[in-house]
Amino acid sequence: MASDVYYCSMGYDKLEANATLPAKFKRMLAALPLRDMVGGKTVAVKMHFGGNLGYTTIHPLFVNLLVDALKRAGAIVFVTDIPRDVPGAKRRGYTEEVLGAPLVATTGLFDEYYYSVPVDYKNLKEVQVAGHINDADVLIDFSHVKGHGACAYGGACKNIAMGCVTGKTRSDIHSLQGGFVWDESKCEHDRECIKACRYNANSFDEEGKYQINYDNCTYCQHCVNACPTGALTANMSAFDDFQEGMALTTATVLNTFEPGRTLFINVLTNITYVCDCWGLSTPPLVPDIGIMASDDIVAIETACLNAINKYDLLPNSLPAGRQLADDPDGTKHLLERVHGKDPFVQVRALQRHGLGTMEYNIIGIE
């Protein structure tokens, strides 16, 4: 049975505020059964605040509109992200005064407040579910859709799997990706890979050989993407494991909530080349699409990917020198041609975990 996905388009038919995306978003929220879902409940709005010089995360206006709708429906609301990103959130306009709700670190100030859930997938043996996520009655997963180096697509699943857990669980998921290969013949020792690593996980030894400290490495691939000569590559065949691990972690987090107490809202604007965790913004890959919402994470992720794939890549949206992978059969998703991974791996895994269906009905909000 198909699930409903609400959709408000970026398009407009007249120069009036009421015809623009924020107004449509308000009408979308009014059409959702929020009072039944959140009335008298503590609600965690999980989003990604971004970092450093990034400016293409969800605009604070939309967060304020969501918080206001939840409060009018009787909710006690807080907005939350991982501890590392909360202190700098105000630089991008995310403050309690602007949003209308307090900002809370998912796992507490020191990343030590969590509930351990045993799992069994390769080296992922435990999911440390964020304490403030677990303690909430309702989860509103408010995701900014973008590209991602490890899984091609970052949406609702990525926002939960990487944002509703501890740093250790994030690292365990990233470690599923597999190893890196250094081609010495292509390396110019420009140290761009070293500068791109935020965790002091890589270096050149005294003989100029590239070294990785896997105890510090989070497998984020920032080093690979920063290398201008292609001297660093990753084992692409292992990246399905990363998406499987994300789906398992997402299922583990969502299973802590009662049925009917989770909602997924995906914002398809400023769909950039890489994740917001890079702390930078680049031109969008495709035109702004709009906002989708559903109580089915599988349906909304499928709908978002299908919407993105209707467009051609915009000029100057990739780093200089990078090109789309060939697709002679016309079977690859646009984001797979950008990042080399099939973004539907995570969606199919979510469906196998019983989190929803890839069949959906679009309910347009005008």
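## Overall build

With 366 residues, a compact globule would be expected to have a radius of gyration near 21 Å, and the protein chain comes in at 20 Å, so the two agree. Keep in mind that this is a predicted model. Along its principal axes, the C-alpha trace spans about 65 × 45 × 40 Å. The secondary structure adds up to 13 helices and 16 strands.

As for the inside, 55% of the 366 residues count as buried. If you take the contacts with a separation of 6 or more, 76% of them come from residues 24 or more positions apart.

## Surface and charge

The protein chain has an accessible surface of about 15,900 Å², and carbon and sulfur atoms make up 49% of that. On the charge side, there are 32 positive and 43 negative charges, and their mean positions sit 4 Å apart.

## Helix α13 and its cover

Now to a helix late in the sequence numbering: α13 covers residues 344–352. Its buried residues are Phe344, Val345, Gln346, Val347, Ala349 and Leu350. An α-helix has 3.6 residues a turn, so residues three or four places apart point the same way.

What lies over those buried residues of α13? The cover includes strand β9 (152–154) along with helices α6 (156–163), α10 (239–254) and α11 (297–308). After α13 comes Gly354, with a positive phi near 80 degrees.

## Aromatic pairs

Searching the whole structure turns up seven aromatic pairs. One of them joins Trp182 and Tyr210: the ring centres are 6.3 Å apart and the planes make an angle of 35 degrees, so this pair counts as tilted. Trp182 belongs to strand β10 (residues 180–182) and Tyr210 to strand β12 (residues 210–212), so the pair ties together parts that are 28 residues apart in sequence.

Are these two partners buried or exposed? Trp182 counts as partly exposed, because its relative accessibility is 22%. Tyr210 is buried, because its relative accessible area is 10% and the cut-off for buried is under 20%. Elsewhere, ring pairs link Phe25, Phe62 and Phe142 into a cluster.

## Two loop residues with positive phi

Most residues other than glycine have a negative phi. Here are two residues to check against that. Asn52 has a positive phi near 50 degrees without being a glycine, and you'll find Asn52 in the loop between β2 (42–46) and α3 (60–72). With a relative accessible area of 52%, Asn52 is exposed.

Arg191 isn't a glycine either, yet its phi is positive at about 70 degrees. Arg191 sits in the loop between β10 and α8 (192–196). Its relative accessibility is 43%, so Arg191 counts as partly exposed.

## Asn64 and a partner along the chain

Back in helix α3, have a look at Asn64. Asn64 is partly exposed, with a relative accessible area of 26%. Which residues does Asn64 touch, leaving aside those up to four places away in sequence? They are Val98, Leu99 and Gly100. For Leu99, the C-alpha atom is separated from that of Asn64 by 4.4 Å, although the two residues are 35 apart along the chain.

Technical notes:
Residues numbered from 1 in each chain as written. Predicted model: local features only at pLDDT ≥ 70, side-chain atom pairs only at ≥ 80, totals over all residues. Heavy atoms only, no water. Helix = DSSP H or I, 4+ residues; strand = E, 2+ residues; numbered from the N terminus. Rg over C-alpha atoms; globule rule 2.2 N^0.38 Å. Buried < 20%, exposed > 50% of the residue type's maximum accessible area, 1.4 Å probe, protein only. Contact = heavy atoms within 4.5 Å. Areas by Shrake-Rupley, 256 points an atom, 1.4 Å probe, with all protein chains shown as cover. Lys, Arg positive; Asp, Glu negative; His and termini not counted. Charge placed at Lys NZ, Arg CZ, Asp CG, Glu CD. Phe/Tyr/Trp six-rings, centres within 6.5 Å; stacked < 30°, edge-to-face > 60°.
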